[in-house]
Amino acid sequence: MIPDLGWQPDTSEDISPSNLQVLEHLHYYKCLLDDLLALSMSLSSSNDLRAFLELALATTRKMTASDAGSIYLIDRSAPVHTVCFEVAQNDSQPERSLVNFAVPLNQDSIVGYVAMTGETLNLSDAHDLPDDAIYQHHKTFDYDLEYHTRSVLAVPMFDWQKSTIGVFQLINRKVQDISITAENVQEITLAYSALDEKLLKAIASQVSLYIERSQLLGQVFPT
């Protein structure tokens, strides 16, 4: 089906393969822009912190065709600082809850490394990391969830002082909208693209602004 961009050629014979590809690309970017604008508008209209985080995660997963994702926040209120799940979504395991799950704030894990260093990680396969990587993907996480993590994109979230306040992570960019299993994960997942990175960083910045506004309004949040 040809997307409605305000005009249509008279017949399908008028569309060359190259022009059809251009139309598809235009439609794709139009959808991305619509999603970004909708999320930006909700930034000023929503007063529900968790609802906004769920929306931001769902929108970003849609834009990047991600099977799963999560937003972590750093909790420095206890002697041992941690990075905690605030919201998590997983199309292949929708019933699994990760509420109250946390990892230590150190460089041993992917999320902990991003939170500690402020660096972005774009991994094509979390089970096949570079030899010099000091972080690792904890396989017990996949085992407990009966899941298989492959491609991972994790970006830090910063406050206005450039301090890291959390991590926005996407998992398993899919080429097909089907549930991921250990048997099909190699076939239907891809590494995240440079455009995916830019989108996630832009949305993470919006989420950070919302978090800071929530703190100013006195909503309960890790500090």
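This is a short conversation about how to read several features of a predicted model of one protein chain.

Visitor: Where should I begin, and how many helices and strands does the protein chain have?

Guide: It helps to begin with the inventory of regular elements and their order. The protein chain comes to six helices and seven strands, and along the sequence these follow the pattern α-α-β-β-β-α-β-α-β-β-α-β-α. One can then ask how the chain folds back on itself: among contacts between residues at least 6 apart in sequence, 60% join residues at least 24 apart.

Visitor: What share of the residues is buried?

Guide: Of the 223 residues in the protein chain, 45% are buried. As for the outside, the chain exposes about 12,400 Å², and carbon and sulfur atoms supply 54% of that area.

Visitor: How do I read a single helix, for example α2, and what length does it reach?

Guide: One can compare its span with the expected one, and then look at its two ends and its buried residues. Helix α2 covers residues 49–64, and its 16 residues reach 23 Å from the first C-alpha to the last, which is close to the 22 Å expected at 1.5 Å a residue. At the N-terminal end, aspartate 48 acts as a cap, with a side-chain oxygen 3.2 Å from the backbone nitrogen of arginine 50. After the helix comes alanine 65, whose phi is positive, near 55°. The buried residues of α2 include Leu49, Phe52, Leu53 and Ala56, and also Arg61.

Visitor: Which residues touch the most other members of the largest nonpolar core?

Guide: That core has 27 residues, and those touching the most other members are Val83, Ile110, Leu121, Leu123, Tyr135 and Val167. Several elements supply at least two residues each, among them β1, β2, α4 and β6, while α3 gives the most, with five residues. To see one member in its surroundings, take leucine 121: leaving aside neighbours within four places in sequence, leucine 121 is in contact with Ile110, Tyr113, Val114, Tyr135, Val152, Leu153 and Ala154. Apart from the largest core lies another, of 26 residues, including Ala56, Leu73, Leu153 and Met157.

Visitor: Where are lysine 162 and asparagine 172 found?

Guide: Each is worth reading through its backbone angle, its element and its exposure. Lysine 162 has a positive phi of about 70° although it is not a glycine, and lysine 162 is found in the loop between β5 and β6. Asparagine 172 also has a positive phi, of about 60°, and is not a glycine either, but asparagine 172 is found in strand β6. Are these residues buried or exposed? Lysine 162 counts as exposed because its relative accessible area is 68%, whereas asparagine 172 counts as buried because its relative accessible area is 0%.

Visitor: How many disulfides are there?

Guide: A disulfide is a covalent bond between the sulfur atoms of two cysteines. Here the count comes to zero disulfides. Cysteines can still be read by exposure: cysteine 31 is partly exposed at 33% relative accessibility, whereas cysteine 84 is buried, with a relative accessible area of 14%.

Visitor: Which residues does proline 104 touch?

Guide: Proline 104 is found in strand β3, which runs over residues 102–104, and proline 104 is partly exposed, with a relative accessible area of 43%. Not counting residues up to four places away in sequence, proline 104 touches His81, Thr82, Val83 and Gly112. Sequence and space can also be set side by side: proline 104 and aspartate 75 are 29 residues apart in sequence and 9.7 Å apart in space, C-alpha to C-alpha.

Notes: Residues numbered from 1 in each chain as written. Predicted model: local features only at pLDDT ≥ 70, side-chain atom pairs only at ≥ 80, totals over all residues. Heavy atoms only, no water. Helix = DSSP H or I, 4+ residues; strand = E, 2+ residues; numbered from the N terminus. Expected span 1.5 Å × (residues − 1). Buried < 20%, exposed > 50% of the residue type's maximum accessible area, 1.4 Å probe, protein only. Polar contact = N/O pair within 3.5 Å; in protein donor to acceptor, adjacent residues only side chain to side chain. Core = buried A, V, L, I, M, F, W, Y, C linked by side-chain atoms within 4.5 Å. Contact = heavy atoms within 4.5 Å. Areas by Shrake-Rupley, 256 points an atom, 1.4 Å probe, with all protein chains shown as cover. Disulfide = S-S within 2.5 Å.
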